[in-house]
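Got the viewer open? Let's take a walk through this model, one selection at a time.

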Amino acid sequence: KWQYIGGVLNPETEEFTVSLNHFSKYALLANHEMQRFDDVDGRWSENYIKALHSLGIVNGIPYGAGYRFDPEREISRIEFTKMVVEALLQTNQIEDIQQDMPLPFTDSSQIPEWGRKYASLACSNNIISGRGTKGGPAFDAYAPITKAEAAVILGRTLDDPEKTAESNFIDKNRFPSWARDSIELLWRKGIVQGDSNHLFVPDKNLTREEAASMIMKWINSSY
């Protein structure tokens, strides 16, 4: 599929300008099937969101006569799982399934119907294992996903032959032991970075635009 990379049209000169960070095959196309999100223009995440939409990984939320993305809303665990699995399917890194497989989660019945396939694929490909509870692992589909949890999910899909460079996050002491290696791996791949204070904040809930940024950088790092 073609991936949206943004750009600006100068109507006076009829020139189109775009910033590129690597060589590839590019084309100027009109895609009339792309939804226009009313709440992403001018945001730092705009190109990430539109790129994911152009790949069919995210869609807008109907709002009046148009669509919204709700970039500042926290993203749920099942929403994030869908985005990751959809990207893996489209790049042929995992195989699709024709029917739901049994799920090992104590709350499997609470996973929405549209998300069961994604949860099944994520589980069968060892991408997600659930949150530990006294009764066993729970998927917790509607709960917000934390930055640490998102890092682990993406980290499980990546190879890391060189475990050399170490991040400069100053809150490493707050990294959960189960997420430390994945956070460092994503930092080495350029998928995550700290804030202006060099903090990662692993227990912070991820927003929809932050998820779009992570996933788009993860996709690009795989090529």
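Start by selecting Y48, which is partly exposed, because its relative accessible area of 25% falls between the 20% limit for buried and the 50% limit for exposed. Keep in mind as you click around that this is a predicted model.

**Stop 1: a ring next door.** Leave Y48 on screen and add W44. These two make an aromatic pair, edge-to-face, with 6.4 Å from centre to centre and 70° between the planes. The structure holds 6 aromatic pairs, so we'll drop in on another one shortly.

**Stop 2: two helices crossing.** Now show helix 1 (residues 46–54) together with helix 6 (residues 208–221). They pack at an angle of about 65°, and their axes are 8 Å apart. Turn the view and you can follow helix 1 as it passes helix 6 in a left-handed crossing. Which residues make the contact? On helix 1, pick Y48, I49, A51 and L52; on helix 6, pick E209, A212, S213, I215, M216, K217 and I219. Colour that set by type and you get 8 nonpolar, 1 polar and 2 charged residues.

**Stop 3: a glutamate on helix 6.** Stay on helix 6 and zoom in on E209. Is E209 buried or exposed? It's buried, since its relative accessible area is 6% and the limit is 20%. Setting aside neighbours within four places in sequence, E209 is in contact with R43, W44, S45, I49, F69, P71 and E72. You've already met two of those: W44 from the ring pair with Y48, and I49 from the helix contact.

**Stop 4: the phenylalanine cluster.** Next, select F169, F175 and F200, which ring pairs link into a cluster. Focus on F175 and F200: the ring centres are 5.8 Å apart and the planes sit at 75°, so this pair is edge-to-face. F175 belongs to the loop between helix 4 (147–155) and helix 5 (180–188), while F200 is in the loop between helix 5 and helix 6, so the pair ties together parts that are 25 residues apart in sequence. Both rings belong to buried residues: F175 has a relative accessible area of 4%, and F200 has 1%.

**Stop 5: charges over rings.** Keep F200 selected and add K147. This lysine lies over the face of F200, 4.4 Å from the ring centre. For another example, jump to R77 and F139, where the charged end of R77 sits over the ring, 5.6 Å from its centre.

**Stop 6: two unusual backbones.** Most residues other than glycine have a negative phi. Now select D70, in the loop between strand 4 (66–68) and helix 2 (77–90). D70 isn't a glycine, yet its phi is positive, about 55°. At 23% relative accessibility, D70 counts as partly exposed. Then go to D140, in the loop between helix 3 (116–124) and helix 4. D140 isn't a glycine either, and has a positive phi of about 55°. It is partly exposed, with a relative accessible area of 31%.

**Last stop: zoom out.** Show the whole protein chain as a cartoon and look for 6 helices and 4 strands. Going along the sequence, the order is β-β-α-β-β-α-α-α-α-α. Of the 223 residues in the chain, 42% count as buried. Take the contacts with a separation of 6 or more: residues 24 or more positions apart account for 71% of them.

Conventions: Residues are numbered from 1 along each chain as its sequence is written. This is a predicted model: local features need pLDDT of at least 70, side-chain atom pairs count only at pLDDT 80 or more; totals for chains, interfaces and linings use all residues. Side-chain values use heavy atoms; hydrogens and water are left out. Axes are lines fitted to C-alpha atoms, for helices over the stretch in contact, and angles run from 0 to 180 degrees between N-to-C directions. A crossing is left-handed if the near helix is turned anticlockwise from the far one by less than a right angle, and right-handed if clockwise. Contact means heavy atoms within 4.5 Å. Ala, Val, Leu, Ile, Met, Phe, Trp, Tyr, Cys and Pro count as nonpolar, Asp, Glu, Lys and Arg as charged, and the others, Gly among them, as polar. Rings of Phe, Tyr and Trp (its six-membered ring) pair if their centres lie within 6.5 Å; planes under 30 degrees apart count as stacked, over 60 as edge-to-face and the rest as tilted. Buried means under 20% relative accessible area, exposed over 50%, partly exposed in between (1.4 Å probe, protein chains only). A charge sits over a ring if NZ of Lys or CZ of Arg is within 6 Å of the ring centre and within 35 degrees of the ring normal.
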